[in-house]
Amino acid sequence: MKPIFVRGVSNQFRLTLAILLSVALLVANDRLDPIRQSLSSVLSPLQYLANVPGVILDWSAEAFATRNMLEVQNKELLRQQLVMSERLQRFEHVRQENERLRALLGSPVHMDSRKVVAEVMEVASDPFRQFVVLNHGSQTGVYVGQPVVDAQGVVGQVIEVSEFTSRVLMVSDSTHGIPVRVTRNDVRAIANGTGDIDQIELRHVAKSTDIIAGDLLVTSGLGNRFPEGYPVARVISVSRDDGQSYAVINAQPLAALDRIRYVLLIWPDETKPFTLPADLIGVSTEASVNGVPQAQAEQSQATQGNTTPAATDADNPAIQNVNQAVTTPTTQSNSNEVNR
């Protein structure tokens, strides 16, 4: 016969055991990262299995779409394609002009980087953390700290990578910060998340700083984490209270963080700097050493009766293009007379 009153483990012992386990987990937190990655890799098939209903719904919607719906979508896509093509033509002209100017200045030009489209499999259910899980992991080459963007702007950065999945911390999370600059006047600041998915803030900005509502914030490239020039947010309010040491600046992220579905993974470290041809390197180096533009140096040499540089420029098309880009019409006419 069992006794009615059985004395179990005391509450003090349970509390002491919980405290010891908590301290042990805090001390061994960094050493548990490989175990977390292994568990995440093992549980990845379950995440894919949980994503199956959404894939089935998308397939059903596409399978049962009517002809009218497809025609409307096709017309809208054609309209967007025309608009984007027109913008691309203008951007291509600006890009070529920028490359020519950088070549004249000897400044490095970064080429296109590798990009991979990823799909969001899971959204964080934790109200204190804002992150999403993508269907690409270390097999694709994803690494911790990798920037992630969507069609409108920056989404965040990768904070955890497993074999088949990766976790992305969004810019609106309270622990996230990103260096930005204002496109209107190149003012630099740090944009921090507030925990609100539709709002970020610029902290420790002086009240005299020229930032107004409507300014566009883009990545500044500082920190070598996010490439320069990607849109981040737009300033929605600026408050300069006399009782506060800094201005209160709030901005709204441009990325659709609340309804994100597809994102773009970027590998900025694979960009290769643009290198000048050997003949242009000699021209730019000589001009920088002399401290005068190349066109003025050639004009002074031609005035002194030395016609060798003019003959060399006529034989070298690359240098002739450089001279045509940096000389004024008057200098061009003088060089033509010397060449004649």
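The following paragraphs lead from the overall make-up of this predicted model to a surface patch and then to two residues with unusual backbone angles.

The protein has nine helices and 12 strands, and of its 340 residues 28% count as buried. Among the contacts with a separation of 6 or more, 60% are accounted for by residues that stand 24 or more positions apart. The accessible surface of the protein comes to about 22,400 Å², and carbon and sulfur atoms hold 57% of that area.

On this surface, a nonpolar patch is formed by Val-42, Leu-43, Leu-46, Leu-49, Val-52 and Ile-56, which together have about 560 Å² of accessible area. Two helices, H2 (33-50) and H3 (52-63), each supply at least two residues of the patch, and the largest share, four residues, comes from H2. Leu-46 is one of the patch residues and lies in helix H2; Leu-46 counts as exposed because its relative accessibility is 52%, where the cut-off for that class is over 50%.

The backbone deserves a look at two further positions. Most residues other than glycine have a negative phi. His-204, in contrast, has a positive phi near 55 degrees, and this residue lies within strand S8, which covers residues 200-206. With a relative accessibility of 65%, His-204 counts as exposed. Asn-224 likewise has a positive phi near 55 degrees, but its setting is the loop between strand S9 (216-219) and strand S10 (231-239). Because its relative accessibility is 71%, Asn-224 also counts as exposed.

Definitions and conventions
Residues numbered from 1 in each chain as written. Predicted model: local features only at pLDDT ≥ 70, side-chain atom pairs only at ≥ 80, totals over all residues. Heavy atoms only, no water. Patch = residues over 30% accessible without salt bridge, like charges linked within 9 Å, V, L, I, M, F, W, Y side chains within 5 Å. Areas by Shrake-Rupley, 256 points an atom, 1.4 Å probe, with all protein chains shown as cover. Salt bridge = Lys/Arg side-chain N within 4 Å of Asp/Glu carboxyl O. Buried < 20%, exposed > 50% of the residue type's maximum accessible area, 1.4 Å probe, protein only. Contact = heavy atoms within 4.5 Å.
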